[in-house]
Every structure is written in structure tokens, then in C-alpha cells.
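Please work through the following exercises with the sequence and the model open beside you. Try each task yourself before you read its solution.

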Amino acid sequence: MTAQTKLISLQRYQSGYQQDVVSLILPIQNQEFGIEITAEQQPDLSAIEDFYQRDSGDFWLALAGGKVVGCIGLKDLGNQQAALRKMFVAEGYRGSATGAANALLNRLLDHASGQRIREIYLGTTAKFHAAHRFYEKHGFEEIAIPQLPAAFPLMQVDRKFYRLRLPQAGE
């Protein structure tokens, strides 16, 4: 474990971090990947607690020195299904050197297992090639849109979709 890894801490989202989450996500979407989307076009960003932190869902932050450097959300879709959304890690904190992305995903998966969620779905843009590799490395399988649950929140920019089936106790 590197010294930088020790600087990353995870915590459950609290409303005081709302603007920090927006300030993390928008530059990655707009400047880094050229996806023209505003905070207003992502209403979940202004209602993280109401959108994510209900039923079996939740939202977590990766912090470095008190600064938000990553986030991940789990949206309960009902029927023991959930959507992984808003997984973003600031450029300087990506990769194995910090482990921020792995830590966020592991927190989400641990939570989902504890909530008896059977399947996690996600959508991403065609541009996030590193994200595709990351999800595939962690067992997510690419699926077609008709395989998504009816309750899955489709985003206009999403072009690739994935599913992860979680093992259940006794299986």
C-alpha cells in the first residue's frame, strides 16, 4: 500500500458535499470527455439523498485531505436490482496508485450484497474506454438495451450497458 493510498478515505454522502460532487463530475464530463451536459440535465445531482439514499441505494465519496476526489452511487430499482451511477474519480486519483476507484466499487458491492441485491446495471458513454475496461475487469458483462430492467434510468449520453450478477448466500 502506497502512502497516497492511505490518504484516500471513503464516506457516505452528506448534503454538505453536493457542490463538491458537481464540481468533480462536470469538468470530467465536459472538458475531459467533451460530453456537453449540464448539472440541470442531471437532476439526480441536485437531489442525491432523495435519488440515491433510499431503499437499498446509497451514495459514497472518496476523499483526499477532505477534498472530494471520487464518487459512486447505487440506485435501487426494486426487484433486487440496482443501477450503478455517477462513478467518477478525479484524474490525479485514478489507477492503482490510489485505489480510489477500486475502493468505491468495493464499498458499493459490499453494500449491495448486504442489501441482497442480485443484479447491478450500469450505462456509460462510448468515450469512457478506461471505464469499460474497469467494469469488465470487475465482472460486468456488456448487455443490450432490451436486457435492462424497465426501471433503469436511461441517460441520453449512455451507449454501452453492463450487468453484474451478484452471488447470493447459499448459491
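**Exercise 1. A hairpin turn**

Which residue takes a positive phi in the hairpin of β3 and β4?

Solution. Begin with the setting, bearing in mind that this is a predicted model: the hairpin of β3 and β4 has two residues between the strands, and asparagine 79 takes a positive phi near 55° there. Next, note that this is a positive value in a residue other than glycine, and that asparagine 79 lies in the loop between β3 (67–78) and β4. Finally, consider the accessibility: with a relative accessible area of 68%, and with the term exposed used for values over 50%, asparagine 79 is exposed.

Now compare another loop. Arginine 116, in the loop between α4 and β5, has a phi near 65°, again a positive value in a residue other than glycine. Arginine 116 counts as exposed, because its relative accessibility is 55%.

**Exercise 2. The sheet and its edges**

Find the order of the strands in the sheet, and explain why one side of β1 and of β6 is left without a neighbour.

Solution. The first step is to trace the sheet, which is open, has seven strands in the order β1-β2-β3-β4-β5-β7-β6, and shows mixed pairing. The second step is to look at the edges, where β1 (8–12) and β6 (141–143) stand; each has a single partner strand, and therefore one side of each lacks a neighbour in the sheet. The third step is to follow the twist, which averages 25° from one strand to the next.

**Exercise 3. The two partners of β4**

Describe how β4 is joined to β3 and to β5, and decide whether β4 is enclosed or open to the outside.

Solution. Recall first that strands of a sheet pair through backbone hydrogen bonds, either parallel or antiparallel. On one side, β3 and β4 run antiparallel and are joined by seven bridges; the bridge partner of aspartate 76 in β4 is alanine 82. On the other side, β4 (residues 81–89) and β5 (residues 119–124) run parallel and are joined by three bridges. Here alanine 82 has isoleucine 120 as its bridge partner in β5, while alanine 83 has tyrosine 121. As for enclosure, nine of the nine residues of β4 are buried, so the strand is largely enclosed by the rest of the structure.

**Exercise 4. The nonpolar cores**

Which residues have the most contacts inside the largest nonpolar core, and which helix gives the largest share of this core?

Solution. As background, nonpolar side chains tend to be buried together in soluble globular proteins. In this model the largest nonpolar core has 49 residues, and Leu84 and Ile120 have the most contacts inside it. Helix α4 (residues 100–114) contributes the largest share, seven residues. A second, separate core has seven residues, among them Tyr121, Ile143, Leu148 and Phe161. To see the surroundings of leucine 84, set aside its neighbours within four places in sequence; its contacts then include Leu105, Leu108, Ile120, Tyr121 and Phe140.

**Exercise 5. Two polar residues**

Are aspartate 58 and histidine 132 buried or exposed, and what does each of them contact?

Solution. Start with aspartate 58, which belongs to strand β2 (residues 58–64) and counts as buried because its relative accessibility is 6%, where buried means under 20%. Its side chain makes a polar contact with the side chain of glutamine 53 (3.0 Å). Beyond its neighbours within four places in sequence, the contacts of aspartate 58 include Arg12, Ile72 and His111.

Continue with histidine 132, which lies in helix α5 (residues 129–137) and, at 7% relative accessibility, also counts as buried. Beyond its neighbours within four places in sequence, histidine 132 is in contact with Thr124, Thr125, Ala126, Lys160 and Tyr162. Histidine 132 and arginine 12 are 120 residues apart in sequence, and their C-alpha atoms are 25 Å apart in space.

**Exercise 6. Confidence**

What is the mean pLDDT of the protein, and where is the pLDDT below 50?

Solution. The mean pLDDT is 92, and 95% of the residues reach 70 or more. Over residues 1–5, however, the pLDDT is below 50, and this stretch has eight contacts in the model beyond near neighbours in sequence.

Technical notes. Residues numbered from 1 in each chain as written. Predicted model: local features only at pLDDT ≥ 70, side-chain atom pairs only at ≥ 80, totals over all residues. Heavy atoms only, no water. pLDDT = per-residue confidence, 0-100. Contact = heavy atoms within 4.5 Å. Core = buried A, V, L, I, M, F, W, Y, C linked by side-chain atoms within 4.5 Å. Buried < 20%, exposed > 50% of the residue type's maximum accessible area, 1.4 Å probe, protein only. Helix = DSSP H or I, 4+ residues; strand = E, 2+ residues; numbered from the N terminus. Pairing = 2+ DSSP bridges. Axes fitted to C-alpha atoms, helices over the stretch in contact; angles between N-to-C directions. Polar contact = N/O pair within 3.5 Å; in protein donor to acceptor, adjacent residues only side chain to side chain.
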